[in-house]
Amino acid sequence: MKEASRTVHAGRELVARSPLAPDLSPAAVHVYTDLEDYDAVARGDRPGHYYGRNSNSNRAMLEQAVAELEGAEAGVATASGMAALHVAILALAPRPVTILATRELYGGTLALIRQDLEPAGYEANFIDMTDLEMVRRSIAGAGLVLVETITNPLCRMPDVEVIASVARDRGVPLLVDNTFATPILFRPIEVGATAVMHSATKYIGGHSDLVAGVVVGDAGTMVAARARSVRTGSNLSPFDAWLALRGLRTLDVRMRRHSDNGIALARALRKMPGVARVHHPLLEESPSYEVAKRLLPEGAGGMLAFDLDGGREAVQGMLSRFEMVRFAASLGGLETTVSYPEITSHRALTPDERAELGVGPGTVRVSVGIEAAEDIVADFAQALAS
Ligand SMILES: Cc1ncc(COP(=O)(O)O)c(C=O)c1O
């Protein structure tokens with residue numbers, strides 16, 4: 001099946017009289033009449049569900065769907081993207097190791113490493129993952145490599161294909177946060193990643209109406225991830241799983257529109273007053289252009305950033321003039337939204353740390369929605385015309 005068809009059907013096996021759309025099953029517990037049957041289901045030897053923290057039919061459909069789309073054997077759906085990241089790290093590195101991570105990590109991921117994992121004995125080495133020589137030099141001694149397909153907010157692209165082969169040669173597991181690209185645009189497991197996680201809050205859910213996470217990978221790693229999730233109680237609720245699967249059904253069409261609108265806005269922004277720089281992986285001037293063309297041949301999704309002359313005051317001026325675009329500290333929804341990394345995703349960093357990453361007081365991140373490209377471009381044009 002082609003990607004578009006798999007997106008519509010993945011995770012479900014319909015038989016005669018199956019509901020075409022999945023039923024919602026909020027049950028916390030299932031009844032049994034036979035102790036041996038319960039035992040077999042609890043051991044995982046027979047299909048079925050017994051307690052909602054361990055498994056649930058709606059969660060199982062979502063897990064299977066994302067695993068199928070990513071080309072993975074299995075998946076675990078969690079209460080948020082952060083929970084997915086946490087169980088993935090603990091599944092791949094159950095004992096403290098050095099985590100070799102991209103220095104442009106999502107702020108929440110950085111905070112998890114610094115505030116929860118480092119005190120527990122993990123060490124972190126944050127490097128510029130677009131520098132492959134640096135990756136090759138730094139991998140010795142690492143127990144886990146962590147990268148994001150497209151970095152936040154400056155939309156750089158580490159060459160995940162090369163990083164996967166370096167990690168594989170060294171026997172180091174590679175975890176990829178594929179939230180920005182989604183399996184429609186890029187499938188890290190196909191190029192050798194060990195596991196992939198998503199904040200399903202973003203594009204997979206797609207409608208800004210749920211918080212969820214999914215991690216997928218080989219069956220063994222997912223058994224370990226599920227065990228962590230069950231023990232820590234980070235399971236996704238049935239309703240949010242149901243909603244996320246409903247959102248995922250349109251992921252293919254949405255990602256294509258997000259991608260078209262994203263590059264259209266990126267090109268238009270280059271010519272708007274006060275815009276010093278536009279960051280989009282498929283703009284010719286992007287340092288990641290060559291990697292993006294190879295790894296994202298069908299588009300780069302809806303994320304971009306730009307630097308506005310005049311810093312915070314200019315950003316506030318633009319915000320107050322927007323007529324359709326909204327300020328919101330998330331991404332991946334239908335609506336075009338902007339966020340301001342200095343006080344949103346990167347607020348935990350010091351000004352010096354932000355400056356080192358290239359995030360300044362004029363940096364604006366845009367999650368380009370699926371409205372008509374002309375309307376999106378027109379709203380930025382009028383908001384930036386002073
Ligand atoms: C790239 C990326 N990874 C992970 C997360 C965390 O996801 P959640 O907010 O669903 O916990 C986010 C949230 O913004 C994100 O942007």
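Two strands are taken to pair if DSSP finds at least two bridges between them. On that basis, in this predicted model, 7 strands form an open sheet of mixed pairing, in the order E1-E7-E6-E5-E4-E2-E3. Its edges are strand E1 (74–78) and strand E3 (123–127), each of which pairs on one side only. From one strand to the next, the twist averages 20°.

At the E1 edge, the partner is strand E7 (residues 213–217), joined to E1 in the antiparallel sense over 5 bridges. Here Gly-75 stands opposite Val-216 of E7. Helix H4 (residues 81–92) lies across E1, strand E2 (98–102), strand E4 (142–148), strand E5 (174–177), strand E6 (195–199) and E7, and runs at about 165° to E6. Helix H5 (residues 107–117) also packs on this sheet, where it touches E2, E3 and E4, and its direction makes about 150° with that of E3.

A further open sheet is built from 5 strands in the order E8-E9-E12-E11-E10, again with mixed pairing. E8 and strand E10 (326–327) are the edge strands, each pairing on one side only. E10 and E11 run parallel and are joined by 2 bridges, with Phe-327 having Val-338 in E11 as its bridge partner. H11 packs on the sheet through contacts with E8, E9 and E12, and its direction makes about 15° with that of E9.

Turning to the interior, the largest nonpolar core has 85 residues, and Val-145, Leu-174, Leu-269, Phe-306 and Phe-380 are those with the most contacts inside it. Helix H11 (residues 251–269) gives the most to this core, with 7 residues. Apart from this core lies another, of 25 residues, including Val-87, Leu-90, Leu-112 and Met-222. Leaving aside residues up to four places away in sequence, Phe-306 touches Leu-269, Val-275, Arg-277, Val-278, His-279, Met-318, Gly-362, Thr-363, Val-364, Val-366 and Phe-380.

Phe-380 leads on to helix H15 (residues 373–384), whose 12 residues reach 17 Å from the first C-alpha to the last, close to the 16 Å expected at 1.5 Å a residue. Which residues of H15 are buried? They are Ile-376, Asp-379, Phe-380, Ala-383 and Leu-384. These residues lie on the same side of H15 because they cover an arc of only 120° around the axis. Among the elements that cover them are H11, strand E8 (275–279), strand E9 (303–308), helix H13 (311–321), strand E11 (337–339) and strand E12 (363–367).

Technical notes. Residues are numbered from 1 along each chain as its sequence is written. This is a predicted model: local features need pLDDT of at least 70, side-chain atom pairs count only at pLDDT 80 or more; totals for chains, interfaces and linings use all residues. Side-chain values use heavy atoms; hydrogens and water are left out. A nonpolar core is a set of buried Ala, Val, Leu, Ile, Met, Phe, Trp, Tyr and Cys residues joined through side-chain atoms within 4.5 Å. Buried means under 20% relative accessible area, exposed over 50%, partly exposed in between (1.4 Å probe, protein chains only). Helices (H or I, at least four residues) and strands (E, at least two) are DSSP runs, numbered from the N terminus. Contact means heavy atoms within 4.5 Å. The expected span of a helix is 1.5 Å times one less than its number of residues. The arc is that of the directions from the helix axis to the C-beta atoms. Axes are lines fitted to C-alpha atoms, for helices over the stretch in contact, and angles run from 0 to 180 degrees between N-to-C directions.
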